[in-house]
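Q: Please take a close look at one part of this structure and follow it outward to whatever it connects with. Keep it brisk, and give reasons where you can.

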Amino acid sequence: MNDASSEDVFQNLISSNDTFLFDCDGVLWKGAKAVPGAAAVVNFLENLGKQVIFVTNNSTKSRDKYVDKLSSLGYPSDKEKIFGTAYTSALYLKHIAKIDGKVYLIGNESMGEELDNVGIKHFGIGPDNVATSLDYDDIKRCKLDEDVNAVLVGFDGHISFSKLVRAGSYLRNPNCLFLATNSDARLPLGDCKHVVPGTGVMVASVCTVAAREPDVWCGKPGKFMFECIQKTIDINPDRAIMIGDNTKTDIVFGKQNSLKTLLVFSGVSSRDSVNSILESSDPALKEQVPDYVLPSLGDWAEFCS
Ligand SMILES: C[C@H](OP(=O)(O)O)C(=O)O
Ligand SMILES: [Mg+2]
């Protein structure tokens, strides 16, 4: 594991890579605020002719909404280079699963937007609290739709008992496909005293009630995310680097796809967490060790003028 803070290492990474894949939350921004200096670095790479790709597990934005967020924070915003899980889950349902019935969605408006874009019927967005007790008459208020043949779980700020009743009931049918966007436990929101539950919390609830694991993960480190990117963008893994803030998602994703990996400490994973991985004797954790570390992407801004 190398420290990437020096200008020499930065120049070396520029000459040895044509493609830079950036995670978003915790690398480019935290909540609504850009990571200081990060946009200068990304624009510098883009202006050098490097291929810049954005790869995020966050399902709360469609590709169109990511275009708006990236450009409002000063980043390049080519829609074709943005891969989020609202988009990739819709691609999976349309092109791989070829769903012809309905999708029960524990998710959000942006996921609905991407499903609409590919013509997949869905329902479930928004609050659903029809059942709140263990009284069976109450539970029966969760009417079940016979046409559901997939359950998709992403970020849902309205997750509730009723939604878990429905998801568990649909997934009791082994032919009902179970898709999840990502397993991130917490969201890095910057100056926030609160712990912010990530989609992994919602997916874990559905796994528990359904007594099943997802059939497909549509985000990092799942392989479908990289397949989506490769379908439209030519990447030579020998000359590509994944830059992320989470060892479990970003670094494993990079390693599994033979990319170089760089971990920044501006988001989820800390230097201490990497040190404990290095000290661990568990061979499975090796995949989480990045090739390079850097406190923050913005630290390279001083080399970009
Ligand atoms: C935190 C993560 O987003 P990413 O870091 O992949 O952009 C997520 O939304 O769970
Ligand atoms: Mg991140």
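A: Start with Arg-212, in what is a predicted model. Arg-212 is buried, because its relative accessible area is 16% and the limit for buried is under 20%. Its side chain has an acidic partner. Arg-212 and Asp-215 meet in a salt bridge, with 2.9 Å from N to O. The two ends of this pair sit in unlike surroundings: Arg-212 is buried at 16%, whereas Asp-215 is partly exposed at 44%. Asp-215 falls in the middle class because 44% lies between the 20% and 50% limits.

Now look at what lies across from Arg-212. Its C-alpha atom is separated from that of Arg-172 by 8.9 Å, although the two are 40 residues apart along the chain. Arg-172 belongs to the loop between helix H7 (161-171) and strand E10 (177-180). With a relative accessibility of 72%, Arg-172 is exposed. So this backbone pairing sets an exposed arginine, Arg-172, opposite a buried one, Arg-212.

Ala-211 deserves a stop too. This residue is found in the loop between helix H8 (199-210) and strand E11 (216-217). Its phi is positive, about 55°, and it is not a glycine. That is worth flagging because most residues other than glycine have a negative phi. Ala-211 is exposed, at 69% relative accessibility.

Lys-98 shows a similar backbone feature. Its phi is near 50°, again positive in a residue other than glycine. Lys-98 sits in the loop between helix H4 (85-96) and strand E7 (102-106). At 59% relative accessibility, Lys-98 is exposed as well.

Move on past E11. The loop between E11 and helix H9 (223-232) holds Pro-221. The peptide bond that joins Lys-220 and Pro-221 is cis, with omega about 5°. Most peptide bonds are trans. Lys-220 does a second job in this account: together with Asp-23 and Asp-250, it is linked in a network of salt bridges.

Asp-23 leads straight to the metal. The magnesium ion (ligand 2) has three protein donors: Asp-23 (OD), Asp-25 (O) and Asp-245 (OD). They lie 2.0 to 2.1 Å from the ion. Along the chain, the donors follow the spacing D-x1-D-x219-D. Asp-25 is in the loop between strand E2 (19-22) and strand E3 (29-30), and Asp-245 is in the loop between strand E12 (240-244) and helix H10 (247-256), so the pair ties together parts that are 220 residues apart in sequence. Both of these donors are covered by protein. Asp-25 has a relative accessible area of 14% and is therefore buried. Asp-245 is buried at 3%.

Two C-alpha pairs link other distant stretches of the chain. Asp-18 is found in the loop between helix H1 (7-16) and E2. Its C-alpha atom is separated by 9.4 Å from that of Pro-237, which is 219 residues away along the chain. Asp-18 is partly exposed, with a relative accessible area of 34%. The second pair is Asp-234 and Thr-19, 215 residues apart along the chain, with C-alpha atoms separated by 9.4 Å. Asp-234 sits in the loop between H9 and E12. At 71%, Asp-234 is exposed.

Back to the salt bridges. The structure holds 13 of them. Besides the Arg-212 and Asp-215 pair, two others make useful comparisons. Asp-156 and Lys-163 meet at 2.7 Å, N to O, and both residues are buried. Asp-138 pairs with Arg-141, with the closest N and O atoms 3.0 Å apart. Asp-138 is buried, with a relative accessible area of 8%.

Some acidic residues gather on the surface instead. Glu-7, Asp-8, Asp-299 and Glu-302 form a patch of negative charge there. Asp-8 lies in helix H1. Asp-8 is exposed because its relative accessibility is 63%, and the cut-off for exposed is over 50%.

To sum up: a buried Arg-212 bridges to Asp-215, and its C-alpha atom is 8.9 Å from that of Arg-172. Farther along, Lys-220 precedes a cis bond to Pro-221 and shares a salt-bridge network with Asp-23. Asp-23 is itself a donor of the magnesium ion.

Technical notes:
Residues numbered from 1 in each chain as written. Chains lettered and ligands numbered in written order. Predicted model: local features only at pLDDT ≥ 70, side-chain atom pairs only at ≥ 80, totals over all residues. Heavy atoms only, no water. Patch = residues over 30% accessible without salt bridge, like charges linked within 9 Å, V, L, I, M, F, W, Y side chains within 5 Å. Areas by Shrake-Rupley, 256 points an atom, 1.4 Å probe, with all protein chains shown as cover. Salt bridge = Lys/Arg side-chain N within 4 Å of Asp/Glu carboxyl O. Lys, Arg positive; Asp, Glu negative; His and termini not counted. Charge placed at Lys NZ, Arg CZ, Asp CG, Glu CD. Helix = DSSP H or I, 4+ residues; strand = E, 2+ residues; numbered from the N terminus. Buried < 20%, exposed > 50% of the residue type's maximum accessible area, 1.4 Å probe, protein only. Donors = N, O, S within 2.8 Å, 3.2 Å for Na, K, Ca; no water.
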